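Notebook open, coffee poured. Here is what I looked up, entry by entry.

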Amino acid sequence: MKDRYVVVLSADAMIFEDVETMSQLYALAGVWDRTARVDRVQSIYPTITYPCHTTMMTGVYPGRHGIVQNEQQLMCVRSGPWIHMRDAVKEKTIFDYAKENGLTTAAVFWPVTGKDPNIDYLIDEYWPQNGESSEQCFRDSGSSEEVIEKIAKPNLKMLENRHRQHPWADAFVMQCACDILTEFKPNLLMIHPANIDGYRHQTGLFSPKVTSGLHETNLWLSQLMKAADDAGILDKTDFFLVSDHGQMNIRRCIALNVLLAEKGLIDVDENGNIRDWTAFVRSGGLSALVYLKDPDDKEALEKTRTALEEIKATETAGIGEIFTEKEAREKHHLGGEFSFVIETDGYTTFSNDWVRPLVRPQDNSDYRFGKATHGYLPEKGPQPTLIAWGPHMKTGAVLSKAYLVDEAPTFAKALGIEMPGTDGSALDALFVEE
Ligand SMILES: [Zn+2]
């Protein structure tokens with residue numbers, strides 16, 4: 001096991017439809033004959049980055065791991081602090097199992113890994129929250145002094161004043177990942193650039209900008225393979241190129257809390273501040289979670305249910321389906337403190353605003369309100385894909401479908417370890433017999 005290496009590159013929002021282009025660019029073209037693949041990997045509900053990546057490292061659905069949104073706060077109009085720290089995850093991750101088996105671990109910008117004691121070389125997807133320096137913010141989210149000095153600091157010039165901007169932030173991520181490979185040779189390295197996702201939000205599902213994102217990913221993949229070669233572990237490394245969700249183009253954005261306020265479920269004062277509330281819609285893009293102030297209040301629950309059904313019937317609200325928490329848990333493995341889940345009609349995204357206008361303009365400053373986004377049921381829209389190559393992968397093995405919950409146990413199998421009790425299973429058909 002200790003002589004096995006796995007590199008997982010999650011190219012946020014990369015889809016099966018991108019594979020034709022990617023496979024012709026030099027990084028993948030050079031290994032294409034040796035790949036094992038899954039055409040379409042069905043994501044989880046909601047198809048949102050942090051819930052998805054938590055599934056990709058635990059092998060369980062959000063109903064078990066507990067990450068159901070990107071953001072921490074229930075009530076804010078725009079994006080507040082995100083869920084950065086590992087202690088928010090209720091289940092064991094592949095990093096925990098790797099450490100238990102005596103392996104070394106690393107992650108660069110993998111979501112919800114902040115302060116994870118089982119990641120030896122860690123740079124969390126974290127950004128300055130209150131004007132602190134980049135160096136300090138990575139220290140605050142669990143990077144060791146060794147990682148700060150040897151990996152982060154020499155590359156910070158790429159990131160300074162460019163946090164969350166693509167491709168600068170992603171170039172930083174990839175250079176740090178390459179440097180971790182050559183400096184430390186971890187058995188497991190998980191990496192998460194988000195340039196393709198960012199371009200899809202800004203310009204739509206398919207565009208020249210998105211294609212340029214595939215070219216950037218190609219360059220970074222080649223750098224990663226060269227780093228593994230420089231480290232002397234290329235022929236011992238299994239690479240996985242994966243992603244978390246697709247996206248769908250949207251036509252409009254609706255502020256459902258405006259309608260809840262008009263039905264008396266949110267009490268808004270003349271300055272637009274919330275005085276009191278019974279129910280609140282928390283947007284996840286093309287779905288939303290509805291929270292009650294008192295989830296045990298049966299009267300409030302029925303009042304909210306009636307209001308949501310009336311709003312859905314207006315059609316202009318853009319609601320396709322409404323699930324109770326129980327229905328969402330049973331049908332879609334999504335559970336939590338919320339009382340209802342609202343699913344899009346297919347082209348409407350939702351915002352948290354509680355003051356009119358009801359229909360909101362496109363807004364590229366937030367992932368939920370651009371030209372395309374996600375959050376919808378995982379069987380909808382274009383699907384993520386999986387491409388693997390390396391000493392344990394079976395040349396030419398292609399599955400038409402698998403599930404995001406299968407990924408963590410599959411990465412574990414490549415490391416020679418097991419993850420018992422996951423919702424998914426290792427994709428044995430992709431591996432050579434040992
Ligand atoms: Zn994502």
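I started with the largest nonpolar core, which has 51 residues; by nonpolar core I mean a set of buried Ala, Val, Leu, Ile, Met, Phe, Trp, Tyr and Cys residues joined through side-chain atoms within 4.5 Å, with buried meaning under 20% relative accessible area (1.4 Å probe, protein chains only). Val108, Ile123, Ile191 and Leu241 have the most contacts inside this core. Its largest share, 10 residues, comes from helix H8 (residues 168-184); helices here are DSSP runs (H or I, at least four residues) and strands likewise (E, at least two), numbered from the N terminus.

A note on provenance: this is a predicted model, where local features need pLDDT of at least 70 and side-chain atom pairs count only at pLDDT 80 or more, while totals for chains, interfaces and linings use all residues. Residues are numbered from 1 along each chain as its sequence is written, and side-chain values use heavy atoms, with hydrogens and water left out.

Next, the zinc ion: I found its protein donors (N, O and S atoms within 2.8 Å of the metal, 3.2 Å for Na, K and Ca; water is not among the atoms, so sites may look incomplete). They are Asp12 (OD), Asp12 (OD), Thr49 (OG1), Asp244 (OD) and His245 (NE2), lying 2.1 to 2.5 Å from the ion. Thr49 lies in helix H3 (residues 49-58) and Asp244 in the loop between strands E6 (237-242) and E7 (248-249), so this pair ties together parts 195 residues apart in sequence. I checked burial too: Thr49 is buried at 7% relative accessible area, and Asp244 is buried at 0%.

How values were computed:
Buried < 20%, exposed > 50% of the residue type's maximum accessible area, 1.4 Å probe, protein only.
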